[in-house]
Each structure stands twice: as structure tokens, then as C-alpha cells.
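User: Please take a close look at the aromatic pairs in this model. I would like one pair followed in detail, then its surroundings.

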Amino acid sequence: MDRLTGVDALLDLLDTLFDDREDATSRAATEHWDTMYTRPGHPLAVDLPDANLVAWRDAGLLPLDTIATALDVGCGLGRNSRWLAAQGVRTTGVDIAATTLGRARTLSAGLDVTFADVDVLREPVPGGPFDLVYDSGCFHHLAPHRRISYLRTLRSALRPGGWFGICTFAAGRMGSTADDADLLRSGRVGEGVGYTEAELVDVFSWLEPVAIGPIPPQADVAEPVFTHDFLTVALFRRPG
Ligand SMILES: C[S@@+](CC[C@H](N)C(=O)[O-])C[C@H]1O[C@@H](n2cnc3c(N)ncnc32)[C@H](O)[C@@H]1O
């Protein structure tokens, strides 16, 4: 019998507490995601950027003219990757859903964006460190112990002085609010975890908060955007 001697082995062991169908962030979930994006009318199949990206740019909070490279974590069909590329940011989108990545490449023809099949929790991300790391909808699906892997990846992918933006389920509006011990005991993350603003500040405490709050509604943004009232968004800057 193998006995635990390292963190990675512990994380792998904790993965086994979660039924494959209950962990949307391992390669066993690839088919789930690939199928989801083909559902007619699925909200994530729209080709619009997150409202907060546009709002942060317009408010001068995210100075895209000084940002050369970006990583879009769990990019799906690449709607945010495409928008960033259209702003002049050389963007890499990574995801575990191979068929979806193929569709993202087709949709992004002619733009300065590349897509790579990477499990950000278990594999190295090529091409970093990046000026901006952005995550819309991946982080909130993580099992509690995989936050450790996520933070490790973020630390190596985000350059000092760089920006980190995130869009997650808002606690009380979408996702579980069970504590980590209960999530681990149950072996279920369900539809995802809802985060409070304070929890996000705490999880990313090595970064400086720049902006945090509900995702802006369409009425507050000057161009068509992706927005739902169950989402919280946050922008952080890594000290230089
Ligand atoms: C809710 S979807 C969001 C997709 C996209 N960001 C959007 O907002 O349109 C979450 C995405 O994260 C991807 N994902 C889940 N676990 C991942 C992992 N370990 N590494 C990379 N991508 C992952 C899924 O395949 C899925 O495409």
C-alpha cells in the first residue's frame, strides 16, 4: 500500500472522494462540457464578452493598452479570449474540452489567439507568465482541495505586476454555500460553489483587490455583453 508523503499525492487521493460526475474539473468531465456547449440556446454559447471586462476597461481599471498577453482559464468556446484578442491582447485560451477547443479555433480565425488543451490543475500552462489571467466560470467548479492546485498555477502563470480577473457564482444566488469540510465529506460540488466577496478576497489574499462586486447589468455597459445576476466579479493586481 502507498502511504501519503506529498501534497500532490494527497490532492490525487482527495480527487477519488468525488465521483467523476461530481467533479467538473477533471478530464473525466470533458464529454460533459463538450456536450453542454452544443445545447441549443445554452447561455455560454453566445459570442459576447463578460460585462465586467468591458466595464473595467471603460472605467480605466483594466488598462488593456498596457497588457500584451492574457491567459483565459477554462475558455470554453473562447468568447472572452476573442474579445481580449480584438482589444490587441495576444491571448491563450486553455480548456480540457477538446471538441470545444476545436470550435473555439474555428470561431477565432484571423485573431491573435491560440487555444491549448490543458488541465490547469494537473498540467503546466504553456507560454507564461502572462500580463493578465482571466477566469470566467472555471474556478467555482473546483473541489475545495483543488483550489490549492489552482493557486499554484495562478502564481506561476501571472507575472508580478499583472492582473487577475474572475467571474464566479455569487453566494446565495447560485452554487453551494456549504463549507469545505462538508463539500469534501459529501464528495459533491454539485453545480458549483457560490463565493462571497470576502471569500474571494481571502482566497486571493496575496493579490491586491482592485474592484469587486456583482457583474454589471447590460444597462450599465455600452456594448452587448454577457451578464447574469447570479455572478460576482473581481479584479486583482499582483504586487510588482
Ligand atoms: C462554465 S464553463 C465557462 C467557459 C467560458 N469561460 C465561458 O465563460 O464561456 C467552465 C469551463 O472550464 C473548463 N474547465 C474545467 N476544468 C478545467 C481544468 N481543470 N482545466 C482547464 N479547463 C477546465 C471546462 O471545460 C469549461 O469549458
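Analyst: A search of the whole structure, a predicted model, finds nine aromatic pairs. One of them joins Phe 204 and Phe 236. Their ring centres are 5.5 Å apart, and the planes meet at 50 degrees, so the pair counts as tilted, since stacked needs under 30 degrees and edge-to-face over 60. Phe 204 sits in the loop between α8 and β6 (208–214), while Phe 236 belongs to strand β7 (residues 231–237). The pair therefore ties together parts that are 32 residues apart in sequence. Both rings belong to buried residues: Phe 204 has 0% relative accessibility, and Phe 236 has 1%.

The two also belong to a cluster linked by ring pairs. Its other members are Phe 139, Tyr 150, Phe 164 and Tyr 195. Tyr 150 is one of the buried residues of helix α6. Among the elements covering the buried residues of α6 are β4 (130–136), β5 (158–169) and α8 (197–203).

Arg 147 lies in α6 (residues 146–157) as well. Arg 147 is buried, at 11% relative accessible area. Its contacts include two cluster members, Phe 139 and Tyr 195. Leu 142, Asp 180 and Val 203 are touched too.

Rings also meet charges here. Arg 155 lies over the face of Trp 206, at 4.2 Å from the ring centre. Elsewhere, the charged end of Arg 79 sits over the ring of Phe 226, 3.9 Å from its centre.

Methods: Residues are numbered from 1 along each chain as its sequence is written. This is a predicted model: local features need pLDDT of at least 70, side-chain atom pairs count only at pLDDT 80 or more; totals for chains, interfaces and linings use all residues. Side-chain values use heavy atoms; hydrogens and water are left out. Helices (H or I, at least four residues) and strands (E, at least two) are DSSP runs, numbered from the N terminus. Buried means under 20% relative accessible area, exposed over 50%, partly exposed in between (1.4 Å probe, protein chains only). Contact means heavy atoms within 4.5 Å. Rings of Phe, Tyr and Trp (its six-membered ring) pair if their centres lie within 6.5 Å; planes under 30 degrees apart count as stacked, over 60 as edge-to-face and the rest as tilted. A charge sits over a ring if NZ of Lys or CZ of Arg is within 6 Å of the ring centre and within 35 degrees of the ring normal. Lists of a residue's contacts leave out its neighbours within four places in sequence.
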